[in-house]
Amino acid sequence: VSTQSTGWYQRRVRGGINAEYGECLMFFLVNGDEDLQSWALQALTKSLACHSEKVIMCCLKQMKGAIKLENRAAAARLIVLLKPAIEEHGLAIQVFEDLQLLLYDDCSREVKKAVAKAVNTLGLHSKMLQVVIRKLDDINEDIRAQGVTSLSILGIKGKSLLNQLLDILELDSSIYVRIQVMRAVKELNISDRRVIRLLRERARGAGPMCAEAQSALYSLTGELE
């Protein structure tokens, strides 16, 4: 048998194996438990380069709904590999909206960081930042708090955005929103002079905002009020 014929035969066998493997993985993706679904999703996406609409939707479902944080974070990382297929299947808007939701809604910092990395890698940072900044002026305090929480994950670059955040800390009518700002500056390790001054002012007294200010102040400067 010629070398050319042997190569053709090997490709046919390999293709057949991959087809059967893919069918098994698709079965596990739908019918397996959470860990098995996550494993099948990884294998389909990475090993078989299967980037179908069904795989994308399962990835989004896992990213939003998996109980284990490591599975949600793994799905967020897979989204980056699916970028061409996401655009091809017209799912870019849905993916953007799901990433936006998880930036503030997921309970895990690890998942939020994975989402932020996906946002950056997909080239969506500027677009996401515009959406988040608009939330800071919303009449609803929950929406404003969502915006602040999202900024603590995306990061704050530039004085104007930092000043806007500090204006919220100083002037916002909602204690809940102001507490989120304190948590954001602590998380981002922002030790700007105005930040420290405002934290010192709010660290005096009692109550939840005072306690949060003391925590942030200690984290940034080591000071104990």
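Trainee: Which residues is Leu151 in contact with, leaving aside its neighbours within four places in sequence?

Mentor: Before that, a word on the model: it is predicted, so local features need pLDDT of at least 70 and side-chain atom pairs count only at pLDDT 80 or more, while totals for chains, interfaces and linings use all residues. Residues are numbered from 1 along each chain as its sequence is written, and side-chain values use heavy atoms, with hydrogens and water left out. Now, contact means heavy atoms within 4.5 Å. By that rule Leu151 is in contact with Leu129, Val132, Leu136, Ile156, Leu161, Leu165 and Leu188.

Trainee: Is Leu151 buried or exposed?

Mentor: The scale goes like this: buried is under 20% relative accessible area, exposed is over 50%, and partly exposed is in between (1.4 Å probe, protein chains only). Leu151 has a relative accessible area of 0%, so it is buried. You'll find Leu151 in helix H9, residues 141-154. Thr149 also lies in helix H9, and at 15% Thr149 is buried too. Past its neighbours within four places in sequence, Thr149 is in contact with Leu103, Tyr104, Lys112 and Gln180.

Trainee: How far apart are Leu151 and Ala49 in space?

Mentor: From C-alpha to C-alpha they are 33 Å apart, with their positions 102 residues apart in sequence.

Trainee: How many helices and strands does the chain have?

Mentor: Both are DSSP runs, numbered from the N terminus: helices are H or I with at least four residues, strands are E with at least two. Here the chain has 13 helices and zero strands.

Trainee: What does the radius of gyration tell me about the chain?

Mentor: You take it over C-alpha atoms and set it beside a globule rule, 2.2 Å times the number of residues to the power 0.38. A compact globule of 225 residues would come out near 17 Å, but this chain has 23 Å. The box filled by its C-alpha atoms, along the principal axes, is roughly 85 × 30 × 30 Å. As for burial, 45% of the 225 residues count as buried. Of the contacts with a separation of 6 or more, 59% are between residues 24 or more positions apart.

Trainee: How do I read the span of helix H13?

Mentor: The expected span is 1.5 Å times one less than the number of residues. H13 covers residues 208-221, so its 14 residues should span 20 Å, and its end C-alpha atoms are indeed 20 Å apart. Helix H3 (residues 53-65) works the same way: its 13 residues reach 18 Å, close to the 18 Å expected.

Trainee: Which residues of H13 are buried?

Mentor: An α-helix has 3.6 residues a turn, so residues three or four places apart point the same way. In H13 the buried ones are Met209, Cys210, Glu212, Ala213, Ala216, Leu217 and Leu220. Looking down the axis, these fall within an arc of 160° (taken from the directions from the helix axis to the C-beta atoms), so they line one face of the helix. Their cover includes helix H11 (175-187) and helix H12 (193-202). After H13 comes Gly222, with a positive phi near 85°.

Trainee: How many aromatic pairs does the structure hold?

Mentor: Rings of Phe, Tyr and Trp (its six-membered ring) pair if their centres lie within 6.5 Å; planes under 30 degrees apart are stacked, over 60 edge-to-face, and the rest tilted. The structure holds two such pairs. Phe27 and Phe28 are edge-to-face, 6.1 Å centre to centre with 65° between the planes. Phe28 and Trp39 have centres 6.4 Å apart and planes at 50°, so that pair is tilted. Phe28 lies in helix H1 (residues 3-31) and Trp39 in helix H2 (residues 34-47), so the pair ties together parts 11 residues apart in sequence. Ring pairs thus link Phe27, Phe28 and Trp39 into a cluster. Phe28 counts as partly exposed at 27% relative accessibility, and Trp39 counts as partly exposed at 41%.

Trainee: Where is the place of Asp106?

Mentor: Look in the loop between helix H6 (92-105) and helix H7 (109-121). Asp106 counts as buried, at 7% relative accessibility. Not counting residues up to four places away in sequence, Asp106 touches Arg72, Leu101, Val111 and Lys112.
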